[in-house]
Amino acid sequence: MLELRDLSCGYGRSAVVQGIDLEVGTDEVVSIMGHNGAGKTTLLRAVVGLIPAMGGTVALDGADVTAKPTNKRVKDGMAYVPQGQQCFAHLSTLENLRLVADGRGRGKALIAEQLDMFPALKGLLGRQAGLLSGGQRQQLAIARALITEPRLLILDEPTEGIQPNVVAEIEATVVDLAARGGLSVLLVEQHLGFALQAASRYYVLRGGRIASHGETGSGAETDVREAMAI
Amino acid sequence: MDMLVGQLLTGLSTGSILLLAALGLSLTYGQMGVINMAHGEFIMAGCYTAYVTQQVIGDAGVSLLIALPIGFLVGGLMGFILEALLIRRLYHRPLDTLLVTFGVGLILQQVARDSFGAQAVNVSVPEFLRGGVDILGTTLPKTRLFIMALAIVAVTAVTLVLRFTPAGRRIRAVVGNRDLAETAGISTRKVDAATFFIGSGLAGIAGVALTLIGSTSPTTGQSYLVDAFLVVVAGGMGRIKGAVIAAVALGTLQAVFETNSTASLAKVGVFIVIVVFLQLRPQGLFTLRTRSLA
């Protein structure tokens, strides 16, 4: 599904992330862990094309998309939920969803499906998205990404800064989505428990490079903690 | 009382002229943040479009109605080309954009001078817009009423497009968060081009309308440019309703100050009021209410 080969990226001339080889298979959930500043978000931004790759390649379903703009990668089946519960703050909740559904044949049905998945949003459709709580905005951000009918969902710290009861809902949603099939997930997450429970494989980033990787299961948490030097 | 009504009507009339000149800028500057010093020349292009259309067609009434959509296309096309060739390479470089578009404005003025001469030209006012209408004891020229009506139609159309159409949603999304818009599958390049086309097209329409109240010369647009920026800044960046209120307020202030002084002194008075206002409220009349401006 997703294949990164020797990928380097950063800002200006300084490479934050270097020599990344990473794969996400079909219907697979893969976690990326690492401390703040390890380069996780920078790596995801390069994967979706928000910053250019300094070297290496990004391939989606075997096709090289390294030079494609982000909106084309989204059309190719990549969806990205950035860090920080980002939404279009001055648009209403419904407008945030319609923005992505516009031009899709099943637009209304797709919105209805997401409202069934996140029923808390149903009563907030007319509210300006910037006035929603952090948890509601995160649900809106995931719903907006899913309306694009992705084959690869990229989530950047979906539970960061969210009240605990909503965290549990979001974790359950991610696990549920992965279990349905037809969707691969690349998950950046600080909560080791969730990251290792949801994923079948993991990568640990340290200093912009892969410090460790393997399959989740017994011994994985010890390995991750050692790689992160916790 | 009559004097107050008269000043208010004159203010509304001046305000609608300001609003027409500023509406396009509220998209290109207010929404996109591009300081386009050539906006005045797009207004000037609209003026000359009205002039040329009348030269070709002859009938003042018919040519005015035809010139309005043509003016939109001419202004829009000029803006589209400017965005594609220059401004696209200068996003996030406001000072460079200012200098480049100032240079483009000078070039366009010279092109107009070479094409139509340095002397001002006049467009005949159609028969149905000659004379005045008595409103509450004050006589307003029909041309000014026409411009008021056109400003209302233009503001309504822009508001409806931005608020209720997919294209409008895309424009508002790109203005709000470019990266996030890309991740929503929106081509920000195409939206930038479309926004600039519409904003510059509105300047073209303003130009056509302004030929009803004044003559046209290569520097016509310059006289409206500063006022248009003032309207957008005082109204609050990117807020159409702010631009509407700011335009009417500035027009009324100008009318009130002109009652007891000259037009030049009135302008100085308006500038002083705006400077004081922006000291107290730098964000302008309206801002976005959000918990997070992500």
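Here are some questions and answers about this two-chain structure, which is a predicted model.

Q: In which order do the 6 strands of the open sheet in chain A come?
A: Let's start with how the strands pair. The pairing in this open sheet is mixed, and the twist averages 15° from one strand to the next. Going across the 6 strands, the order is E6-E7-E8-E3-E9-E10.

Q: Which strands of chain A stand at the edges of that sheet?
A: Look for strands that have a single partner, because one side of such a strand is left without a neighbour in the sheet. Two strands of chain A fit that description: E6 (78–81) and E10 (209–215).

Q: In what sense do E6(A) and E7(A) pair, parallel or antiparallel?
A: In general, strands of a sheet pair through backbone hydrogen bonds, and they can do it either way. Across this pair, A:Tyr80 stands opposite A:Ile154 in E7(A). There are 4 bridges between E6(A) and E7(A), and their sense is parallel.

Q: How many bridges join E9(A) to E10(A)?
A: These two strands run antiparallel, with A:Leu205 standing opposite A:Ile210 in E10(A). They form a hairpin with 2 residues between the strands, where A:Gly207 takes a positive phi near 60°. The number of bridges joining E9(A) to E10(A) is 6.

Q: Which strands does helix H1 of chain A touch as it packs on the sheet?
A: Helix H1 covers residues 40–48 of chain A, and its direction makes about 150° with that of E7(A). H5(A) packs on the sheet too, touching E6 and E7 of chain A, with its direction at about 170° to that of E6(A). As for H1(A), the strands it touches are E3, E6, E7, E8 and E9 of chain A.

Q: Which residue in E4(A) is the bridge partner of A:Leu4?
A: Strand E1 (residues 2–11) and strand E4 (residues 53–60) of chain A run antiparallel, joined by 6 bridges. E4(A) is also joined to strand E5 (residues 63–64) by 2 bridges, again antiparallel. Back on the E1 side, the partner of A:Leu4 is A:Val58.

Q: Which residue in the turn between E4(A) and E5(A) has a positive phi?
A: Next to this turn, A:Leu60 has A:Ala63 in E5(A) as its bridge partner. The hairpin has 2 residues between its strands. The one with a positive phi, about 55°, is A:Asp61.

Q: Is A:Asp27 partly exposed or buried?
A: This residue is in the loop between strand E2 (14–24) and strand E3 (29–33) of chain A. Its phi is positive, about 60°, although it is not a glycine; most residues other than glycine have a negative phi. Buried would take 20 or more C-beta neighbours within 10 Å. A:Asp27 has 16 inside that distance, so it counts as partly exposed.

Q: Where in chain A is A:Glu149 found?
A: Here's another residue other than glycine with a positive phi, near 55°. With 15 C-beta neighbours inside 10 Å, A:Glu149 counts as partly exposed. Its place is the loop between helix H5 (134–147) and strand E7 (152–156).

Q: Which helix of chain B supplies the largest share of the largest nonpolar core?
A: This core has 154 residues, and among those touching the most other members are A:Ile154 and B:Leu19. Leaving aside neighbours within four places in sequence, A:Ile154 is in contact with residues including A:Leu44, A:Met78 and A:Leu186. The largest share of the core is 12 residues, and it comes from helix H1 (residues 2–31) of chain B.

Q: How many residues of chain B are in contact with chain A?
A: On the chain A side, 27 residues take part, and they divide into 13 nonpolar, 9 polar and 5 charged. Across from them, the number of chain B residues is 22.

Q: At what angle do H3(A) and H6(B) pack?
A: Their axes are 10 Å apart. A:Glu95, A:Arg98 and A:Leu99 meet B:Arg169, B:Arg170 and B:Ala173, a contact with 2 nonpolar, no polar and 4 charged residues. H3(A) is roughly perpendicular to H6(B), because angles from 65 to 115 degrees count that way. The packing angle is about 110°.

Methods
Residues are numbered from 1 along each chain as its sequence is written. Chains are lettered from A and ligands numbered from 1 in the order in which they are written. This is a predicted model: local features need pLDDT of at least 70, side-chain atom pairs count only at pLDDT 80 or more; totals for chains, interfaces and linings use all residues. Axes are lines fitted to C-alpha atoms, for helices over the stretch in contact, and angles run from 0 to 180 degrees between N-to-C directions. Angles under 35 degrees count as roughly parallel, over 145 as roughly antiparallel, 65 to 115 as roughly perpendicular and the rest as oblique. Two residues are in contact if their C-beta atoms, placed from the backbone, lie within 7 Å. Ala, Val, Leu, Ile, Met, Phe, Trp, Tyr, Cys and Pro count as nonpolar, Asp, Glu, Lys and Arg as charged, and the others, Gly among them, as polar. A residue is buried if 20 or more other C-beta atoms lie within 10 Å of its own, exposed if 12 or fewer, and partly exposed in between; C-beta atoms are placed from the backbone. Two strands pair if DSSP finds at least two bridges between them. A nonpolar core is a set of buried Ala, Val, Leu, Ile, Met, Phe, Trp, Tyr and Cys residues joined through C-beta atoms within 7 Å.
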